[in-house]
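Trainee: I would love a close look at one part of this protein. Could you walk me through it slowly and then show me how it fits with the rest?

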Amino acid sequence: MIFSMEFKNNFAKLIAWAIVIIILTGLMIAFFPLLVEPQMTSIVESLLNSLSSAPKSILGFEEGFDITSIAEYLSLVFHYIGILIYIFAMQIGANSLSKEQGSGNISYIYSNPISKSDIVTGKLCANTIVYIIFLAIIGIATFGLLCAVKTLGINQEYISNFTTFDIIESIVRIFIGLFAGGLVFMSLGFLFSSFSQSSIHADAVSTLFILLVILFTIIGKVVGGSLLTLASFLPLEAFKAYYFISANINIAALGINLVLFIVFIILTYLVYNSKELKY
């Protein structure tokens with residue numbers, strides 16, 4: 001019951017967000033043929049060479065970034081699109097455990113023989129499936145968009161050596177990172193929802209939190225030192241698309257985020273089980 005209710009409640013949101021993200025992804029991918037024009041490439045590379053490492057990293061251009069590679073350009077696309085994906089993941093988590101109290105549905109739920117732990121488990125499973133479907137839709141659409149660029153034959157010298165297998169491999173690598181990073185933000189959203197009595201401001205709080213993480217990451221890269229080290233362990237950096245494309249993954253950061261995910265989920269169960277539900 002809980003699983004189906006949660007899945008149905010978030011399915012429309014899934015479709016709406018997916019449409020917006022696919023449109024934005026398509027616009028950014030459509031820019032690639034223009035970007036690999038020799039004159040445009042020269043301009044962009046000159047601009048990047050004039051920047052220090054911190055601004056380039058903030059913009060998504062890591063050391064060794066090849067602007068004429070579709071795979072690496074795709075990682076740049078999801079450097080920005082990934083922010084929206086993480087906002088979606090955190091929002092469905094942050095709305096999960098508090099919306100029934102706000103709508104009054106909690107009394108209906110408790111009219112059935114169900115425990116608080118069952119509620120958390122059902123919603124966690126439903127939202128994870130929703131997130132997987134969400135990523136699958138975007139991934140399939142991205143594959144179609146990249147194949148369209150390849151089929152059109154624009155600037156073929158940069159595209160012909162990039163096979164269908166390469167396209168699939170690049171998408172899979174990037175979306176594994178997005179899936180893992182999204183789960184961390186979703187689990188934090190669940191923890192927030194377990195404390196909250198209402199989901200009215202959940203979407204705004206989730207968006208604000210992601211923006212604060214981005215701000216802290218930018219400050220860390222500019223200031224350097226211990227702040228940069230700390231920023232490198234945050235999900236935005238630990239699961240950065242370029243690192244998964246280049247196989248330059250920070251294993252320690254992945255381990256820390258796995259621990260955070262587990263801690264957030266355990267705390268969610270503990271807090272929600274001790275919470276007095278008003279209905």
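Is Tyr 131 buried or exposed, and what is its relative accessible area?

Mentor: Happy to, and please keep in mind that this is a predicted model. Tyr 131 is buried: its relative accessible area is 0%, and the cut-off for calling a residue buried is under 20%. You will find Tyr 131 in helix H8, which covers residues 116-152.

Let's look at what surrounds this side chain. If we set aside the residues within four places in sequence, Tyr 131 is in contact with two groups of residues that you can pick out by their numbers. Among its contacts are Ile 85, Tyr 86, Phe 88 and Ala 89. Tyr 131 also touches Leu 178, Phe 179, Gly 182, Leu 183 and Met 186. Another residue to find on your screen is Leu 14: it is 117 residues from Tyr 131 in sequence, yet the two C-alpha atoms are 7.9 Å apart in space.

Now step back to the nonpolar core. The largest one has 70 residues, and Tyr 131 is among the four that touch the most other members, together with Phe 78, Ile 85 and Phe 134. Helix H5, residues 70-94, gives the most to this core, with 15 residues. Ile 85 is thus worth a second look, as it is also one of the residues in contact with Tyr 131.

How does this sit within the whole chain? The fold has 15 helices and 0 strands. Of its 279 residues, 48% count as buried. Taking contacts between residues at least 6 apart in sequence, 78% join residues at least 24 apart. On the outside, the accessible surface comes to about 12900 Å², and carbon and sulfur atoms account for 71% of that.

You may also want to know about empty space. A search of the whole structure finds 1 cavity of 30 Å³ or more, and the largest cavity holds about 30 Å³. Its lining is made of Ile 29, Phe 32, Ile 70, Tyr 73, Leu 146 and Val 149. H5 and H8 are the elements that give two or more residues to that lining. The lining has 6 nonpolar residues, with no polar and no charged ones.

The largest pocket has a volume of about 280 Å³. It is lined by 17 residues, and those closest to its centre are Ile 58, His 79, Ile 83, Leu 236 and Glu 237. Two or more lining residues come from each of H5, helix H11 (202-223) and helix H13 (235-238). H5 gives the most to this lining, with 6 residues. By type, the pocket lining divides into 11 nonpolar, 3 polar and 3 charged residues.

For a contrast with Tyr 131, turn to Ala 247. This residue is in the loop between helix H14 (241-246) and helix H15 (251-274). Ala 247 counts as exposed because its relative accessibility is 55%, and the cut-off for exposed is over 50%. Its backbone deserves a glance too: phi of Ala 247 is near 60°, a positive value in a residue other than glycine. Most residues other than glycine have a negative phi.

To bring it back to your starting point: Tyr 131 is buried at 0% relative accessible area, and Tyr 131 is one of the residues that touch the most other members of the largest nonpolar core.

Definitions and conventions: Residues numbered from 1 in each chain as written. Predicted model: local features only at pLDDT ≥ 70, side-chain atom pairs only at ≥ 80, totals over all residues. Heavy atoms only, no water. Helix = DSSP H or I, 4+ residues; strand = E, 2+ residues; numbered from the N terminus. Buried < 20%, exposed > 50% of the residue type's maximum accessible area, 1.4 Å probe, protein only. Contact = heavy atoms within 4.5 Å. Core = buried A, V, L, I, M, F, W, Y, C linked by side-chain atoms within 4.5 Å. Areas by Shrake-Rupley, 256 points an atom, 1.4 Å probe, with all protein chains shown as cover. 1 Å grid on protein atoms, 1.4 Å probe; cavity = no way out; pocket = protein on both sides within 12 Å on 5 of 7 lines; lining within 4 Å. Points joined across faces, edges and corners; volume = space filled by probe spheres on them. Nonpolar A, V, L, I, M, F, W, Y, C, P; charged D, E, K, R; others polar.
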